[in-house]
Structures are given as C-alpha cells and as structure tokens.
Amino acid sequence: MKVKDDCIGCGKCVPYCPMGAMELVQGKVDIVQDQCVECGNCLRAKVCPTDALYLPEIQWPRTFMRELSDPSIRHTTCGGSGRGTAEMKSNDVTGRFRQGELGLGIEVGRPGTGTLIRDVEKIAMLLCASGAPVHFEEDNPIVHIMADRKTGKFKEEILDFRLLSIIIEFKTDARYMPEIMKALEEAGKVIDTLFSVSMITRAEADESLPNVEQALKLGYQPSINAKVNVGLGRPKYEDREAV
C-alpha cells in the first residue's frame, strides 16, 4: 500500500491497519513497507477524505503476501482464497480426514503481531523432523512456497517477508499425536510470534472421539467444536463406507 501527496495527515486510516504499519510523520501518513502485508484493510475502510491511499503495482513475493492477507483476492497458485482451506471445517463433504487420522491446522501469526515466513518454516521443519508422517494439504497456498515438502524447508528468498498470518494444514496418523505435540512445543520456544492449534477428528460409531481422549491423556485441554453437514452437500469422496 502507498500514500499519495494528497494526504492531509488526518490519521483516520491509521487505526485500520492490523499490523500497525501506518504512522504520522511530519503531518503525513507514512506506511512502513517492511510491516505492511498488503491486506488493503486501510483502503477498504474508505475513511480517507482525499483518496490518498492506493495499491501500487506489486511483484512477487508481495503479490503472494496480498493473496494471503486480503480475503477478497484469489490465489494464483491454488485458486482458493484466504490463509487455508474451508474443507478443514466441512469434512462431511470432502472426507479428507478418516478414522485413525489426525488433521491439524496451525495458525501462525495474528493481526497486530504477524509472522515472518522464517518462523513458519521453523514450525514446518520441526513437524517434518518429528518422526511422524506429515502430509501437507495440496490445496493450501503454503505448499507453493515450500522448497522441500519432506523437510518443511521454504524458498530462501522469501524467509524474511512478513504475513498477517498463515495456516499450516496437514494430516498424519493419529498414533503420532505425541510426536506432533512435542514438535509444536519445541516450536514455541524458537519462534518470534504466536500460533494456535486446531485438531480435526472424526467421531467413531460409538460417538467417541479418540483424538480428543489422547490429547487429554497428554495433558492438553482441547475445546471441542462440532461441524455437522445438514445435507446441503454431497460427499465428493468415493469410499463412502469407509468414512
């Protein structure tokens, strides 16, 4: 995002920046480009009396930053929008996660905090080194900036770029929950941002939730939320009997 000379320094746009990248300098709004994630929130707020805010032509990787941070933009890589995929919350339709599997979404960064891609890489590499089989979601934009999915290594030239937040989506064998959680605990010690963990699990025929039970045994207190398909979507998967 950029500011034209028309800026009168009223400061009305400043509170709308989720990254705190806007400040008043000598009677004008200045945007710190190293902190700006191209979300466009200040522009969409439509509070500038002189229309001084504008989105200039940007190049990779700032285009990727915008695709992740602006929910109205579709990804040029995977075709979706946002930081992850909606299917994590509509498993009844997609059948992505089966019994015996553990699905996870690691949301790294937050408005006001953000994250460097370097920190996202640290988490991904610790997950891959945990000993658990980590299968990253193909439709998540994050896989398109990885240099090596087996190790979780990202492309070197983008490591110091900042994002509002991003979601690492993957699944693994549920038996590896201890290894995964240990890796995430280690990640919390070496990164300079914060993250939250969403765990996706299917209920068994007896309505038990084995992954939740295992998390409790490991000393975690998961907050249980249910997503139920009310019949508006038909399953896309072939093996309906197995899900």
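Let me start with Gly131, which sits in the loop between helix H4 (117-128) and strand S7 (135-136), where helices (H or I, at least four residues) and strands (E, at least two) are DSSP runs numbered from the N terminus. This is a predicted model, in which local features need pLDDT of at least 70 and side-chain atom pairs count only at pLDDT 80 or more, while totals for chains, interfaces and linings use all residues. Residues are numbered from 1 along each chain as its sequence is written, and side-chain values use heavy atoms, with hydrogens and water left out.

Gly131 is exposed, with a relative accessible area of 51%; buried means under 20% relative accessible area, exposed over 50%, and partly exposed in between, with a 1.4 Å probe and protein chains only. Its C-alpha atom is separated by 8.1 Å from that of Tyr176, 45 residues apart along the chain.

Turning to the interior, the largest nonpolar core has 36 residues, of which Ile123, Phe136, Phe154, Ile168 and Phe170 touch the most other members; such a core is a set of buried Ala, Val, Leu, Ile, Met, Phe, Trp, Tyr and Cys residues joined through side-chain atoms within 4.5 Å. Among the elements that give two or more residues to this core are H4, strand S11 (166-173) and helix H5 (177-190). A second, separate core of 16 residues includes Val29, Cys36, Val37 and Leu164.

Val29 brings us to strand S3 (residues 28-31), along which Val29 and Ile31 point to one face and are buried, whereas Lys28 and Asp30 point to the other and are not. Strand S2 (residues 22-25) runs antiparallel to S3 and is joined to S3 by four bridges, and Leu24 has Val29 as its bridge partner.

Methods: Two strands pair if DSSP finds at least two bridges between them.
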